Amino acid sequence: AALDPALTTADLVRASVLLEAGRPKDAIDSASRVLTHQPNHVGAIVVRARAWTALHQGHEADADFARALALQPLPELYIERAHALTATGVIGLEPALVAHDEGIARHGPIVTLELEATDLSVRIRRYDAALARIDRVAAQTARKEEWLARRGAVLERAGRLANAREAYQAALTAIEALPSWTQSTT
């Protein structure tokens, strides 16, 4: 950086190190310096978004994650954006669920996105939506026992105990149908 002040790599590395060292405000400053020279540098935008999240600045984190996703729509950024929205407590669970749905619309029903969205749906008591997500993912997999157990947990949380019992029983039946050497891995 001393030899070449325009070298943005040094500021990007500095921003990442400062964030890891628990100095998010300083990380924002370093990442912002990168962005003055390279406004569409996804790495700098993401580091700054993470720093905003660490400072519980949900609106700023959301804006930076949205900007990064517009430039490079990676599935893990949708998840990280949703985590930032819920962790800051400023914006809430609904926009986090929307963030997951945007990722699913863009990339299809990726299991990690669907699982996160299912958990958020349960947290905001949209049990039927959570069940629909579980069914969508289960339809893509050969082994159903885990999804049947998840279905049972959602039904139990919804207070639909008879249905939950049926789902749990179906999960047990699916596990018992597996060869003995795979039963211990489920």
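**Note on an all-helix predicted model**

1. A170 is found in helix 10. The model is a predicted one. At 29% relative accessibility, A170 counts as partly exposed, because that class lies between the buried limit of 20% and the exposed limit of 50%. A170 and G159 are 11 residues apart in sequence. Their C-alpha atoms are 18 Å apart in space.

2. Helix 10 covers residues 161–176, and helix 9 covers residues 145–157. Their axes come within 8 Å and cross at roughly 165 degrees. Angles over 145 degrees count as roughly antiparallel, so helix 9 is roughly antiparallel to helix 10. Helix 9 passes helix 10 in a left-handed crossing.

3. Which residues of helix 9 and helix 10 meet? Helix 9 brings E145, L148, A149, R151, G152, A153, L155 and E156. Helix 10 answers with L161, N163, A164, A167, Y168, A170, A171, A174 and I175. A170, the partly exposed residue of point 1, is thus listed in this contact. By class, the contact of helix 9 with helix 10 has 12 nonpolar, 2 polar and 3 charged residues.

4. Now the pair formed by helix 5 and helix 6. Helix 5 spans residues 75–88, and helix 6 spans residues 93–107. They pack at an angle of about 175 degrees. Their axes are 8 Å apart. The cut-off of 145 degrees applies here too, and helix 5 and helix 6 are therefore roughly antiparallel to each other.

5. On the helix 5 side, the residues in contact are P75, Y78, I79, R81, A82, L85 and T86. On the helix 6 side they are L93, P95, A96, A99, H100, E102, G103, R106 and H107. The contact of helix 5 with helix 6 divides into 9 nonpolar, 4 polar and 3 charged residues.

6. What does the secondary structure come to overall? The protein has 11 helices and 0 strands. From the N terminus on, every element in the run is α.

7. Overall dimensions come next. The radius of gyration of the protein is 21 Å, whereas a compact globule of 186 residues would have one near 16 Å. Along its principal axes, the C-alpha trace spans about 65 × 35 × 30 Å.

8. Burial and contact range close the note. Buried residues make up 37% of the 186 residues. Take the contacts between residues at least 6 apart in sequence: 44% of them join residues at least 24 apart.

Definitions and conventions:
Residues are numbered from 1 along each chain as its sequence is written. This is a predicted model: local features need pLDDT of at least 70, side-chain atom pairs count only at pLDDT 80 or more; totals for chains, interfaces and linings use all residues. Side-chain values use heavy atoms; hydrogens and water are left out. Axes are lines fitted to C-alpha atoms, for helices over the stretch in contact, and angles run from 0 to 180 degrees between N-to-C directions. Helices (H or I, at least four residues) and strands (E, at least two) are DSSP runs, numbered from the N terminus. Angles under 35 degrees count as roughly parallel, over 145 as roughly antiparallel, 65 to 115 as roughly perpendicular and the rest as oblique. Contact means heavy atoms within 4.5 Å. Ala, Val, Leu, Ile, Met, Phe, Trp, Tyr, Cys and Pro count as nonpolar, Asp, Glu, Lys and Arg as charged, and the others, Gly among them, as polar. A crossing is left-handed if the near helix is turned anticlockwise from the far one by less than a right angle, and right-handed if clockwise. The radius of gyration is taken over C-alpha atoms; the globule rule is 2.2 Å times the number of residues to the power 0.38. Buried means under 20% relative accessible area, exposed over 50%, partly exposed in between (1.4 Å probe, protein chains only).
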